[in-house]
Amino acid sequence: MELHKKAGSAVWLQRPLPDFLLQYAAHDISLISQLHANFLRAGWINGHVLPLLRQQSARYVSATMTR
């Protein structure tokens with residue numbers, strides 16, 4: 001949070017990414033993977049809702065693509 005206040009989101013545009021940002025992103029991916037597994041296990045994500053989730057995600061990405 002402190003990094004975002006100081007540098008904004010532009011820090012994510014640096015290449016190569018600094019190690020601490022790579023670790024931060026890898027941790028997010030790990031947590032998202034665990035959430036996905038839990039949602040599948042709980043039945044919140046299934047063959048019926050998956051197309052809707054994909055449509056909602058595509059709308060979100062297209063609306064926020066420039067951020």
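Is Trp12 buried, partly exposed or exposed, and at what relative accessibility? I opened my notebook with that one, and the value I found is 31%, so Trp12 counts as partly exposed. A residue has to fall under 20% to be buried and over 50% to be exposed. I should jot down early that I am working with a predicted model.

**Overall layout.** Next I looked up the fold elements. I count 3 helices and 0 strands in the protein, and from the N terminus on the order reads α-α-α. For the 67 residues, I noted a buried share of 9%. The accessible surface came out at about 6,000 Å², and carbon and sulfur atoms hold 62% of that.

**Aromatic pairs.** Back to Trp12, this time for its ring. I found 2 aromatic pairs in the structure. In the one I followed up, the ring centres of Trp12 and Tyr24 lie 5.9 Å apart with the planes at 55°, so I filed the pair as tilted. Where do the two partners sit along the chain? Trp12 is in the loop between helix H1 (2-7) and helix H2 (19-42), while Tyr24 belongs to helix H2. They are 12 residues apart, and the pair thus links distant parts of the chain.

**Surface patch.** Which residues form a nonpolar patch on the surface? My entry lists Leu35, Phe39 and Trp44, which together offer about 330 Å² of accessible area. I then checked Phe39 by itself: this residue is placed in helix H2, and its relative accessible area of 30% makes Phe39 partly exposed.

Technical notes
Residues are numbered from 1 along each chain as its sequence is written. This is a predicted model: local features need pLDDT of at least 70, side-chain atom pairs count only at pLDDT 80 or more; totals for chains, interfaces and linings use all residues. Side-chain values use heavy atoms; hydrogens and water are left out. Helices (H or I, at least four residues) and strands (E, at least two) are DSSP runs, numbered from the N terminus. Buried means under 20% relative accessible area, exposed over 50%, partly exposed in between (1.4 Å probe, protein chains only). Accessible areas come from the Shrake-Rupley method with a 1.4 Å probe; for residues, only the protein chains shown count as cover. Rings of Phe, Tyr and Trp (its six-membered ring) pair if their centres lie within 6.5 Å; planes under 30 degrees apart count as stacked, over 60 as edge-to-face and the rest as tilted. Patches are made of residues with over 30% relative accessible area and no salt bridge: like charges are joined within 9 Å, nonpolar side chains (Val, Leu, Ile, Met, Phe, Trp, Tyr) within 5 Å. A salt bridge is a side-chain nitrogen of Lys or Arg within 4 Å of a carboxyl oxygen of Asp or Glu.
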